[in-house]
Amino acid sequence: MAGMADKEIRLYMGCMREYDRQYEVCPYCGYWVNTPRADESILSPGTMLRGRYIVGQGTRGYRDGMGLLDRVPKIVYMGLDCVSGKRLCVEEYFPDEGPVDAAERTQGKKLSVKPEKAESFEKGLQSVLDQAKQAGQLQGVKGIIQVCDFFRENGTAYVLTEYKDGMSLGKYCRMHGSIPENVALDITIQVASAVVKLYQAGIQSVNLDMDHIRILNPDGADHPAVELYDFGDYCFQIDREYLDEMDIILPLSYVAPERCLGKSERGSWTDVYALAAVCYKLITGVAPEDSRERIREDHLKKPSERGIKISQPVETALMNALRPKAEERTRTMEEFIRELTAEEVAEHPVATGEFRANGETENSERGMKWFKFIIWFQLFVAAVMGMVSAIVYMKGLHYGGSTALVYSLFSGMKTLDRLVGSVMFVEAVACIVVRQKLAGFCKGAPAMYLTIGAVNAFLPIVYLMLAAWVMRVSMLTLLNSSVLASVITGAVLLAVNAVYFANREDLFVN
């Protein structure tokens with residue numbers, strides 16, 4: 001193949017096999033010769049890179065590990081090295097959508113970067129090249145895709161990796177359903193061992209889900225050969241400020257809680273969770289619940305509870321690695337491998353305190369029980385009491401049988417009472433609205449709740465101040481112990497709840 005670059009060869013651009021003139025449609029990949037591009041931002045099939053690599057059919061960087069689409073900032077092409085004759089996978093860094101939208105290709109091959117996004121674009125591009133360089137040190141390491149070349153061109157970065165036939169683990173699992181325990185363990189341990197090698201090379205961020213693991217021999221039922229590819233985590237390093245604003249549509253079954261909320265320090269335990277979720281899917285045929293839901297209330301069933309035949313040590317090891325609390329979870333890949341292969345495994349101890357979304361613990365015995373008390377009791381009671389109080393003040397019933405007398409002596413009190421009654425009515429309605437938003441973990445719901453608390457705490461004292469002004473008396477004359485107690489209690493609860501929700505603000509992201 002050394003002279004391949006010196007002669008013109010027609011290729012099927014979907015698989016880079018030589019063109020057979022009797023077939024307009026490739027019998028291997030189904031590529032139709034001279035198929036027009038559906039997306040003008042994708043390079044034209046036949047484009048040359050570095051004067052050596054031919055770019056074939058390209059597709060957007062989509063993943064569909066759970067049927068959800070995650071557009072990552074790249075375009076993936078079939079490729080061919082004209083010098084060696086090897087088929088390649090060519091990845092082009094191209095963040096052009098969503099909060100990481102930084103570039104566009106209006107004509108030709110070169111990317112045009114938006115000036116306001118130039119810094120974040122360069123940061124992501126350099127991350128791509130750095131991780132490719134680190135991965136390039138792992139030539140010949142089993143279970144890791146081989147990086148053949150990486151470079152800058154056309155205003156962006158390209159990473160070229162060895163192409164091998166096979167299928168994604170996601171497709172493999174969809175074909176087979178649940179997989180026997182021994183096969184699932186074989187796959188999981190192969191991937192875990194490969195990840196350990198990546199860590200040793202300095203790569204600390206790994207993408208692990210059903211579509212970043214490839215089965216090279218899908219017909220090898222007893223011992224499938226596994227390869228980890230596209231392990232760079234650069235899509236999570238591009239302009240975190242914008243990423244936090246994004247409606248996350250990642251396959252969150254495979255994303256550790258501390259990662260999907262993007263707020264806390266991550267480590268090997270984060271990848272342990274992702275790989276354990278993959279193993280859980282393989283064994284049960286069902287992906288774990290959304291990580292964010294597991295933070296709020298964990299209902300993840302053990303495989304045996306789903307009727308799956310599984311050995312006790314493996315099940316315990318798996319559930320240890322799937323703990324939503326980072327501090328309770330299996331800490332390293334090496335520990336995960338040891339537990340998966342041990343004859344006896346103990347459950348990890350439960351951490352004291354309540355887990356917060358950022359991976360820390362809140363040293364409060366109330367934990368989320370206080371939250372449940374608020375949404376299932378307090379706000380409902382406050383709504384009912386608010387309605388009753390609104391009626392009482394609007395009709396002046398709080399004066400007993402002296403309503404007419406009070407209003408005849410102080411006509412301004414009737415207006416004040418109706419105004420306060422209206423505020424109470426609005427507050428009662430707001431309690432129901434805020435209750436729904438809190439229960440749905442809506443962004444801004446805690447602030448709305450605290451606003452209601454502030455109104456409830458200080459409305460009595462404001463009412464007394466205005467009443468004293470209308471009646472032309474000292475406020476101390478109207479102040480009594482019950483009003484004072486109500487104000488103090490309301491203020492204390494407001495302060496406590498402000499701290500409580502401040503420690504859990506990362507939960508309210510919907």
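Is Asn154 buried or exposed in this structure? Before I answer, please keep in mind that this is a predicted model, in which local features need pLDDT of at least 70 and side-chain atom pairs count only at pLDDT 80 or more, while totals for chains, interfaces and linings use all residues. Residues are numbered from 1 along each chain as its sequence is written, and side-chain values use heavy atoms, with hydrogens and water left out.

Asn154 is buried, with a relative accessible area of 14%, where buried means under 20%, exposed over 50%, and partly exposed in between, with a 1.4 Å probe and protein chains only. Asn154 sits in the loop between strand E7 (147-153) and strand E8 (156-162), and its phi is positive, at about 60 degrees, although Asn154 is not a glycine. Helices (H or I, at least four residues) and strands (E, at least two) are DSSP runs numbered from the N terminus.

Met16 also has a positive phi, near 65 degrees, and is likewise a residue other than glycine. Met16 lies in the segment before strand E1 (48-49), and it is buried, at 5% relative accessible area.

Let me turn now to the surface. Met387, Met394, Phe425, Val426, Val429, Val433 and Met448 make a nonpolar surface patch of about 540 Å², a patch being built from residues with over 30% relative accessible area and no salt bridge (a side-chain nitrogen of Lys or Arg within 4 Å of a carboxyl oxygen of Asp or Glu), with nonpolar side chains joined within 5 Å and like charges within 9 Å. Helix H10 (367-395) and helix H12 (412-439) are the elements that give two or more residues to this patch, and H12 gives the most, with four. Met387, in helix H10, counts as partly exposed at 31% relative accessibility.

Methods. Areas by Shrake-Rupley, 256 points an atom, 1.4 Å probe, with all protein chains shown as cover.
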